[in-house]
Amino acid sequence: MTIPGQLITAVDMAIASGIDPKRFRAALRAASLDWHPHNGRWEVVRGSDQHQDMERVMAQLGGGRFGLRSTSKAVQGGSLAAIRDEHYVLDLCDAVLGLKAVRQHCFPFLTGDPDRRGHRKALPVDGFYPALGLVVEYHERQHRERVGFFDDKPTVSGIPRGEQRRRYDERRADLLPRHGYSLVVLNVDEFAHDRVKRLLRTPQDQAIVSRRLASFIG
């Protein structure tokens, strides 16, 4: 029922099973399950002991088993809940480029605003293709539209979340080219979507990605 050697994140597992990701992560911490060391993301290999431990925690929260069925539907575009639109778009980029992106990669020069103690966290990028020196970002509606209450919530640096998001987008657009990396930003409005800006995942999506990444193909 699982795919040997395939990585899965805690967020993907929670979304696919209808569990709030924050609640799931809190339950995993309470169960003393550790974070994967790469870029601070919680990743486990399907079929591993830790994957089975995570599924046991999920069962306690009332979620379903995260198996092959939900993943395959998500990759084919048949289930919006199984995987985030960002992952879907990056899968299309992988297919078009014939390469696998390093997801949520962090560069030492790309950091967020300092918190109250002066600490700066790394700002991950959605997808990085080292062989091409290419970074791909997928921007959902919140990168281009105001999202009411959530945009007004304060951040650790003291500015509203919406302003921080805008500032960080500009920082990526400025610093990545200055350090020799190409940046391609794919926006939700480029693709067919529903009224709440969730992608409909149509056959035309790959052609859109191919056109935007044409200079990096081959």
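1. Which residue of strand 4 is the bridge partner of valine 102? In this predicted model, the bridge partner of valine 102 is phenylalanine 128 in strand 4. The pairing belongs to the contact between strand 3 and strand 4, two strands that run antiparallel and are joined by 3 bridges. For a reader new to such pairings, it may help to recall that strands of a sheet pair through backbone hydrogen bonds, either parallel or antiparallel.

2. A word on the whole chain may help before going further into the sheet. The protein chain holds 8 helices and 6 strands, and from the N terminus on these elements follow one another as β-α-α-β-α-α-α-β-β-β-α-α-β-α. Of its 218 residues, 42% are buried, while the area that the chain exposes comes to about 11,800 Å², with carbon and sulfur atoms supplying 52% of it. If one takes the contacts between residues at least 6 apart in sequence, 61% of them join residues at least 24 apart.

3. The sheet to look for is an open one, formed by 4 strands in the order 3-4-5-6 with mixed pairing. Strand 3 (102–105) and strand 6 (182–187) stand at its edges, and each has a single partner strand, so one side of each is left without a neighbour in the sheet. Neighbouring strands of this sheet are turned against each other by 30° on average, with direction ignored.

4. Within the sheet, strand 4 and strand 5 pair in the antiparallel sense over 3 bridges, and phenylalanine 128 stands opposite valine 135 in strand 5. These two strands form a hairpin with 4 residues between them, and glycine 133 in the turn has a positive phi of about 60°. Strand 5 (residues 134–139) and strand 6, by contrast, run parallel and are joined by 6 bridges; here valine 136 stands opposite valine 184 in strand 6.

5. Strand 4 deserves a separate remark. All of it is accounted for as buried, 5 of 5 residues, so strand 4 is largely enclosed by the rest of the structure. Helix 5 (residues 85–97) lies across strand 3, strand 4 (125–129), strand 5 and strand 6, and this helix runs at about 10° to strand 4.

6. Which elements do the buried residues of helix 8 pack against? They pack against helix 5 and strand 6. In helix 8 (residues 204–212), the residues Asp205, Ile208 and Val209 are buried, and when the helix is seen down its axis, its buried residues fall within an arc of 95°, so they line one face of the helix.

7. The aromatic side chains are worth following with care, since the structure holds 5 aromatic pairs. In one of them, the rings of phenylalanine 107 and tyrosine 181 have their centres 4.8 Å apart and their planes at 45°, so the pair is tilted. Phenylalanine 107 lies in the loop between strand 3 and strand 4, whereas tyrosine 181 lies in the loop between helix 7 (161–178) and strand 6, so that this pair links distant parts of the chain, 74 residues apart. Phenylalanine 107 is buried, with a relative accessible area of 4%, whereas tyrosine 181, at 25% relative accessibility, counts as partly exposed.

8. Tyrosine 181 also pairs with phenylalanine 109, and this pair is stacked, with 6.2 Å from centre to centre and 20° between the planes. Phenylalanine 109 lies in the loop between strand 3 and strand 4 and tyrosine 181 in the loop between helix 7 and strand 6, so the pair ties together parts that are 72 residues apart in sequence. Phe107, Phe109, Phe128 and Tyr181 form one aromatic cluster, and Phe128 is the residue named at the start as the partner of valine 102.

9. Two backbone angles should be checked by eye. Most residues other than glycine have a negative phi, and most peptide bonds are trans. Glutamine 104 nevertheless has a positive phi of about 60°, although it is not a glycine; this residue has its place in strand 3 and, at 17% relative accessibility, counts as buried. Lysine 197, which is not a glycine either, has a positive phi of about 65°. Lysine 197 sits in the loop between strand 6 and helix 8 and is buried, with a relative accessible area of 15%.

Methods. Residues numbered from 1 in each chain as written. Predicted model: local features only at pLDDT ≥ 70, side-chain atom pairs only at ≥ 80, totals over all residues. Heavy atoms only, no water. Buried < 20%, exposed > 50% of the residue type's maximum accessible area, 1.4 Å probe, protein only. Contact = heavy atoms within 4.5 Å. Areas by Shrake-Rupley, 256 points an atom, 1.4 Å probe, with all protein chains shown as cover. Pairing = 2+ DSSP bridges. Axes fitted to C-alpha atoms, helices over the stretch in contact; angles between N-to-C directions. Phe/Tyr/Trp six-rings, centres within 6.5 Å; stacked < 30°, edge-to-face > 60°. Arc of directions from axis to C-beta.
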